[in-house]
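Here is a walk through one structure, written for someone who would rather look than calculate. Keep the viewer open as you read.

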Amino acid sequence: MINGNRAVLVTGGAGYIGSHAALALRDAGVRVVVLDDLSTGTEAAVPSGVTLIRGSTADTKLIVTLVRLYDIDSVMHFAGSLVVPESVVHPVAYWRNNVANTMNLAEACVLAGVEQLVFSSTAAVYGLSDAAQVDEDTVPAPINPYGSSKLAAERLLADVSAAHGIRVAVLRYFNVAGADPDGRAGQRTVGATHLIKVACEVATGQRAGMSVFGCDYDTIDGTCVRDFIHVSDLAEAHVLALRYLRAGGASTTLNCGYGRGQSVRAVIEAVERLSGTTVELTTMPRRAGDPPALVAQADRIRSVLGWEPRHTGLDEILGSSLAWERRMMQERTFETARSIQATSAA
Ligand SMILES: NC(=O)c1ccc[n+]([C@@H]2O[C@H](COP(=O)([O-])OP(=O)(O)OC[C@H]3O[C@@H](n4cnc5c(N)ncnc54)[C@H](O)[C@@H]3O)[C@@H](O)[C@H]2O)c1
Ligand SMILES: O=c1ccn([C@@H]2O[C@H](COP(=O)(O)OP(=O)(O)O[C@H]3O[C@H](CO)[C@@H](O)[C@H](O)[C@H]3O)[C@@H](O)[C@H]2O)c(=O)[nH]1
């Protein structure tokens, strides 16, 4: 890639989306350094050949050192806290990790002369919207602390960009799901709360059943509607965003979605069909902080970055998630057998 192969710092690269982005960057020939505190991520998720530094985005001094040591010109900032209902219960923790720690990271970027930054934002900044699709000019109005904290971080980065010239691509992801089609990466989150991860864990027998939060929304079947995007398409968007910024592209904000809504019920039914199982469901009241529907108007990312997603089918997203869950189960069985063997040999 351009820029004399200077490196990219990927915060949160031991997590779900960051590890797929690290893989895509590595595959594109980019040197990658991951900074992760392993609070929700795992070392096993970091692709081979990628350096992992265990540390926090709160640590300005460490980040300045890394930027100089590894000749880093760009940062992709995935590290954060991201569970909507958890944010409703623990708003301070969310503001600390998503805003205060982003402030420390931004300070380090200024001090060390980082030239560009790609920020993981979210559709949750939009909140409630009557529009069938929300575009980037929709006035943000988050309805949960997760969304508020991400919006605050976006504004902080815009101010830093204006004052210090660091160009920033804010990527507002809609609901990310799926796994690397070649099985090299997937979502490892323990106790995950994401709809597709949970449904696939039930379908593969790792959970007994699941809840549907709210069946009385004003939507097609009464359940919430989301725009699910394949993680590998999203990872590719990051490679393109880096290329765009390194070529001198101006700061920008881009929705990352397909512009297609799927209801919670439709997703669960598709998981049942693909897995040939019945997913045991309990109907629960609405979950705190949930907007009824969030679907992207996603033309801008295609025109600005030339992004052409390749894994848009819901069945492909779910198929890759199911394959990943089966793979993880096999891996655990293998690990257990190995530790039993080792114990009996000792
Ligand atoms: N998963 C989604 O559907 C979704 C949608 C929109 C936006 N996002 C955003 O994408 C980003 C990545 O999400 P994910 O789904 O991969 O979550 P994840 O929990 O799998 O990954 C987050 C990673 O960041 C690390 N981390 C957290 N705080 C840190 C800190 N202070 N310093 C260093 N490392 C830290 C964690 O250990 C983990 O590896 C988040 O910023 C999230 O808000 C996710
Ligand atoms: O066991 C479950 C899990 C989820 N849901 C519902 O499924 C929908 C999607 O929920 P979830 O998968 O938890 O995603 P969101 O709350 O929409 O948030 C995700 O998507 C946002 C972007 O839209 C990201 O910013 C967040 O980080 C990410 O967690 C919501 O209506 C939930 O109530 C259920 O009914 N049962």
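Helix 1 is covered by a set of elements that includes strand 1, strand 2, strand 4, strand 5, strand 7 and helix 7; these are among what packs over its buried residues. This is a predicted model, by the way. Of the 12 residues in helix 1, 10 are buried, so the label "mostly covered" fits. The buried run starts with Tyr-16, Ile-17 and Gly-18, and it also includes His-20, Leu-23 and Leu-25. From first C-alpha to last, helix 1 reaches 17 Å, close to the 16 Å expected at 1.5 Å a residue. Just after the helix comes Gly-29, with a positive phi of about 85°.

Helix 1 also matters for the first ligand site. Which element gives the most to the shell around ligand 1? Helix 1 does, with three residues. Strand 2 (32-36), helix 4 (91-112), strand 5 (116-122) and strand 7 (175-177) are the others that each supply at least two residues. The shell around ligand 1 has 29 residues, and the ones that come nearest are Gly-12, Gly-15, Gly-41, Ala-79 and Gly-80.

On to the second site. Around ligand 2 there are 23 residues, with Leu-82, Thr-122, Leu-195, Phe-213 and Cys-224 the closest. Helix 6 (195-203) and strand 8 (210-213) each supply at least two of the residues in that shell, and strand 8 has the largest share, at four residues.

Here is how the two shells break down by class.

| Shell | Nonpolar | Polar | Charged |
|---|---|---|---|
| Ligand 1 | 11 residues | 16 residues | two residues |
| Ligand 2 | 15 residues | five residues | three residues |

Back to strand 1 (residues 7-11), one of the elements covering helix 1. Is strand 1 enclosed or open? Five of its five residues are buried, so strand 1 is largely enclosed by the rest of the structure. In a regular strand, side chains alternate between the two faces of the sheet. Here Ala-7, Leu-9 and Thr-11 point one way, while Val-8 and Val-10 point the other way, and all are buried. Strand 1 runs parallel to strand 4 (residues 72-77), joined by five bridges, and Leu-9 has Val-75 as its bridge partner there. Strand 1 also runs parallel to strand 2, this time with four bridges; in that pairing, Val-10 stands opposite Val-34.

A separate open sheet is built from three strands in the order 12-9-14, with mixed pairing. Its edge strands are strand 12 (262-263) and strand 14 (293-294), each of which pairs on one side only. Strand 9 (residues 225-226) and strand 12 pair in the antiparallel sense over two bridges. One contact to look up is Val-225, whose bridge partner in strand 12 is Ser-263.

Next along the chain is helix 8 (residues 264-275). At 1.5 Å a residue its 12 residues should span 16 Å, and its end C-alpha atoms are 17 Å apart, which agrees. Which residues of helix 8 are buried? They are Val-264, Val-267, Ile-268, Val-271 and Ser-275. These residues cover an arc of only 95° around the axis, which puts them on the same side of helix 8. What covers them includes helix 6, strand 8, strand 12, strand 13 (281-284) and helix 10 (314-345). Helix 6 and strand 8 are the elements already met around ligand 2. Helix 8 is followed by Gly-276, whose phi is positive, near 65°.

Finally, a few loop residues. Leu-38 is not a glycine, yet it has a positive phi of about 60°. It is found in the loop between strand 2 and strand 3 (51-54), and with 14 other C-beta atoms within 10 Å it is partly exposed. Asp-71 is not a glycine either and has a positive phi of about 55°. Its loop runs between helix 2 (60-69) and strand 4. Is Asp-71 buried or exposed? Asp-71 has 12 other C-beta atoms within 10 Å, so it is exposed. Ala-250 sits in the loop between helix 7 (231-246) and strand 11 (252-256). Ala-250 is exposed too, with 11 other C-beta atoms within 10 Å. From Ala-250 to Leu-111 is 139 residues in sequence and 21 Å in space, C-alpha to C-alpha.

Methods. Residues are numbered from 1 along each chain as its sequence is written. Chains are lettered from A and ligands numbered from 1 in the order in which they are written. This is a predicted model: local features need pLDDT of at least 70, side-chain atom pairs count only at pLDDT 80 or more; totals for chains, interfaces and linings use all residues. A residue is near a molecule or strand if its C-beta atom, placed from the backbone, lies within 6 Å of it. Ala, Val, Leu, Ile, Met, Phe, Trp, Tyr, Cys and Pro count as nonpolar, Asp, Glu, Lys and Arg as charged, and the others, Gly among them, as polar. Two strands pair if DSSP finds at least two bridges between them. The expected span of a helix is 1.5 Å times one less than its number of residues. A residue is buried if 20 or more other C-beta atoms lie within 10 Å of its own, exposed if 12 or fewer, and partly exposed in between; C-beta atoms are placed from the backbone. The arc is that of the directions from the helix axis to the C-beta atoms. Two residues are in contact if their C-beta atoms, placed from the backbone, lie within 7 Å.
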